[in-house]
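Subject: Structure for you to look through, with notes

Hello,

Here is the structure I promised to hand over to you. Please open it and keep it beside you while you read my notes.

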Amino acid sequence: MKVFITLAVVCLIASVLPSPLELNEEQKAKAKQYFEECIKQENVSDEDANKLRQKDFANPSQNLKCFGTCFFEKVGTLKDSQVQEDVVLAKLGSILGEEKTKTILAKCKDVKGADRCDTGFKIYECFESAKAEVAA
């Protein structure tokens, strides 16, 4: 399970970022800590951890949706089902570019789902789709 968790956290963070992951050791440790906390909090199965590692988000379980939401809440990009624009700009703006990040935010910041977990998951899907569009 620890192997899946470690690989999955790297995949999750890398999937949010458009370029090679450049986290310092402190950032990597925090990401791993948040990841492990959310795995436990949201009761993510080995199967879901494996799906996460493989970036397979088709037919996600409720636990997997909640895991993603939990992780984004812990890193500060999501609070009370609202995208924290200033945090996203600070974290992604220097990597993706401020204008591209603002374009993605404009498209995705108001996405809502049926509940907290669905909202977080839908925002994640929107960011992935929009990131691909601005990178093209």
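What follows is a walk through the chain, from the whole to single residues.

Please keep in mind from the start that this is a predicted model. The chain averages a pLDDT of 80, and 82% of the residues score at least 70. Over residues 1-11, however, the pLDDT is below 50, although this stretch has 25 contacts in the model beyond near neighbours in sequence. Residues 13-21 also stay under 50, and for them the model has 23 contacts beyond four places in sequence. Where pLDDT is low, the predicted coordinates should not be read in detail, so I would treat the contacts of residues 1-11 with care.

**The chain as a whole**

The secondary structure comes to 7 helices and 2 strands, and, read along the sequence, these follow the pattern α-α-α-α-β-β-α-α-α. Of the 136 residues in the chain, 40% are buried. The accessible surface of the chain comes to about 7500 Å², and 51% of that surface belongs to carbon and sulfur atoms. If we take the contacts with a separation of 6 or more, 61% of them are between residues that lie 24 or more positions apart.

**Helix H2 and what comes after it**

Helix H2 covers residues 25-41, and its length can be checked with a little arithmetic: at 1.5 Å a residue, its 17 residues should span 24 Å, and the C-alpha atoms at its ends are indeed 24 Å apart, which agrees. Which residues of H2 are buried? They are Ala31, Tyr34, Phe35, Cys38 and Ile39. Because these residues cover an arc of only 135° around the axis, they lie on the same side of H2. The face turned away from that buried side carries the exposed residues Glu25, Glu26 and Lys40.

In the loop between H2 and helix H3 (46-53) you will find Glu42. Is Glu42 buried or exposed? Its relative accessibility is 12%, so it counts as buried, the cut-off for buried being under 20%. The side chain of Glu42 is joined to that of Gln41 by a polar contact of 2.9 Å. Leaving aside neighbours within four places in sequence, Glu42 is in contact with Asn63, Cys66, Phe67, Cys70 and Arg116. H2 is also followed by Asn43, whose phi is positive, near 55°.

**Helix H3 and the loop to H4**

H3 has the buried residues Asp48, Ala49, Lys51 and Leu52. These cover an arc of only 160° around the axis, which puts them on the same side of H3. Asn59 lies in the loop between H3 and H4, and it is exposed, with a relative accessible area of 72%. Although Asn59 is not a glycine, it has a positive phi of about 50°.

**Thr69, Asp80 and Arg116**

Thr69 has its place in helix H4 (residues 62-75), and with a relative accessible area of 0% it is buried. Beyond its neighbours within four places in sequence, Thr69 is in contact with Leu78, Arg116, Cys117, Gly120 and Phe121. You have already met Arg116 among the contacts of Glu42.

Asp80 sits in the loop between strand E1 (78-79) and strand E2 (82-83), and at 65% relative accessibility it counts as exposed. Its phi is near 50°, a positive value in a residue other than glycine. Asp80 and Arg116 are 36 residues apart along the chain, yet their C-alpha atoms are separated by 7.8 Å.

**Phe127 in helix H7**

The last residue I would like you to find is Phe127, in helix H7 (residues 116-135). Phe127 is buried, with a relative accessible area of 14%. What does Phe127 touch, not counting residues up to four places away in sequence? Its partners are Val83, Val88, Ile104, Leu105 and Cys108. For one of these partners, Leu105, which is 22 residues from Phe127 along the chain, the C-alpha atoms of the two residues are separated by 7.9 Å.

Best wishes

Terms used: Residues numbered from 1 in each chain as written. Heavy atoms only, no water. Helix = DSSP H or I, 4+ residues; strand = E, 2+ residues; numbered from the N terminus. Expected span 1.5 Å × (residues − 1). Buried < 20%, exposed > 50% of the residue type's maximum accessible area, 1.4 Å probe, protein only. Arc of directions from axis to C-beta. pLDDT = per-residue confidence, 0-100. Contact = heavy atoms within 4.5 Å. Areas by Shrake-Rupley, 256 points an atom, 1.4 Å probe, with all protein chains shown as cover. Polar contact = N/O pair within 3.5 Å; in protein donor to acceptor, adjacent residues only side chain to side chain.
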